[in-house]
Amino acid sequence: MFTLDQVRAFVVVAEELHFGRAAERLQMTQPPLSRQIQKLERAVGVRLFERDNRKVELTTAGDTFLIDARRIMALASGALQQAQRIQAGSAGTVRIGFTATSTFSVLTSLLNLVSEAYPDIHLDLFEMVTREQISKLIDGELDLGLARPPFDKTAFASRLLYREDLLLAVPSGHRLSHRGRLVSAEDLGNEPLIMYSPAEARYFYDLVVRLFPITSENVVHTVSQVLTMLSLVAGGRGIAFVPASASRLAMSGVTLRSIEGVPAQPVELHLLWAGETRNPALHKVLDCLRQPSL
């Protein structure tokens, strides 16, 4: 088997067609260079050069081998640089879990920001609810989560990424869609409500229950996805509480209204990751996401 040093020596001799000049480029003396070429020819099993006291020429086999030798050197150089980038964190893979609603708000901006700063970091995306993200982070199957609280702050490191308002979605033409003032809790009365699943959308379920006097008699449907909620609202099935980023869906037949007395931007999205991580690329991503441009 030949070595990279032998291949490098062959390429330089093939370019110079002179052992003396090639030895100077390689910063070595001529005898060990000649031995390198001889060892390479024995490993390959063919003569690569025709040489005498006056000239050095590539054989036909040498001409062909030179093409692959240059490719080998390029691959070796690329592998070295890639390994160095991965060690430094400027290349590699970061596996990101995200909630469906984060796609309405911050996910695309986050991906664009990281890709612009670190084009050699590959971002693998996995859509899942916070509970699943936490399990995957514990098992090491995810590097980073875009998750909703609550979560164990002793088991994970976290950072608030994004906050937004909670709005009321009503069918267009509904009595609440035309009011000049803010909608109040009293205005909701006995309106049929499309509610979040307490199992599959626990964060939003707890948030709505904490802010509004919800009664089970008013709940006509229980779902887990905001897009499904808006579709049902558009169909006149009821009203629903949705994050402000849902407005980006521009759902026909739905009007979004602000609600009186609701705290400003109560909907939170956090970055979540294992406190001890061996992925250098994750640190680069986290540093990148400290910027306020999201």
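**Exercise 1. Locate Gln133 and determine whether it is buried or exposed.**

Step 1. Gln133 belongs to helix H7; helices (H or I, at least four residues) and strands (E, at least two) are DSSP runs, numbered from the N terminus. This is a predicted model, in which local features need pLDDT of at least 70 and side-chain atom pairs count only at pLDDT 80 or more, while totals for chains, interfaces and linings use all residues. Residues are numbered from 1 along each chain as its sequence is written, and side-chain values use heavy atoms, with hydrogens and water left out.

Step 2. The relative accessible area of Gln133 is 0%. Gln133 therefore counts as buried (buried means under 20% relative accessible area, exposed over 50%, partly exposed in between, with a 1.4 Å probe and protein chains only).

Step 3. When neighbours within four places in sequence are left aside, the contacts of Gln133 are Gly97, Phe98, Thr99, Met128, Leu142, Gly145, Leu146 and Ala147; contact means heavy atoms within 4.5 Å.

Step 4. Helix H7 itself covers residues 130–139 and lies across S3, S5, S6 and S12. It runs at about 165 degrees to S5 (axes are lines fitted to C-alpha atoms, for helices over the stretch in contact, and angles run from 0 to 180 degrees between N-to-C directions).

**Exercise 2. Describe the sheet that contains S3 and S5, and state which strands form its edges.**

Step 1. The sheet is open and has 5 strands, in the order S4-S3-S5-S12-S6, with mixed pairing. Two strands pair if DSSP finds at least two bridges between them.

Step 2. Strand S4 (121–127) and strand S6 (156–164) are the edge strands, each pairing on one side only. On average, and with direction ignored, neighbouring strands of this sheet are turned by 20 degrees against each other.

Step 3. Within the sheet, strand S3 (residues 92–98) and strand S5 (residues 144–147) are parallel and share 3 bridges. Phe98 has Leu146 in S5 as its bridge partner.

Step 4. Helix H6 (residues 107–117) also packs on the sheet, where it touches S3, S4, S5, S6 and strand S12 (267–274). The direction of helix H6 makes about 165 degrees with that of S4.

**Exercise 3. Determine how S8 and S9 are joined, and place Tyr205 in that connection.**

Step 1. Strand S8 (residues 193–196) and strand S9 (residues 219–223) run parallel and are joined by 4 bridges. Met195 is opposite Thr222 in S9.

Step 2. From S8 the chain passes through helix H9 (residues 202–211) to S9, a β-α-β crossover that is right-handed. A crossover is right-handed if, with the strands pointing away from the viewer, the path from the first strand over the helix to the second runs clockwise.

Step 3. Tyr205 is located in helix H9. Its relative accessibility is 26%, so Tyr205 counts as partly exposed.

Step 4. Beyond residues up to four places away in sequence, Tyr205 touches Met195, Tyr196, Ser197 and Pro198.

**Exercise 4. Find where Ser245 lies and which residues it contacts.**

Step 1. Ser245 is in the loop between strand S10 (240–243) and strand S11 (254–257).

Step 2. Ser245 counts as buried because its relative accessibility is 4%.

Step 3. Apart from neighbours within four places in sequence, Ser245 contacts Thr101, Phe104, Ser105 and Glu164.

**Exercise 5. Identify what is notable in the backbone at Pro150, Gln27 and Gln265.**

Step 1. Most residues other than glycine have a negative phi, and most peptide bonds are trans.

Step 2. The peptide bond from Pro149 to Pro150 is cis, and its omega is near 5 degrees. Pro150 lies in the loop between S5 and S6.

Step 3. Gln27 is not a glycine, yet its phi is positive, at about 55 degrees. Gln27 sits in the loop between helix H2 (19–25) and helix H3 (30–44). Its relative accessible area is 75%, so Gln27 is exposed.

Step 4. Gln265 likewise has a positive phi, near 45 degrees. Gln265 is in the loop between S11 and S12, and with a relative accessible area of 38% it is partly exposed.

**Exercise 6. State how many helices and strands the protein has, and what its overall dimensions are.**

Step 1. The protein has 11 helices and 12 strands.

Step 2. Its C-alpha trace spans about 105 × 40 × 30 Å along the principal axes.

Step 3. Of its 294 residues, 42% count as buried.
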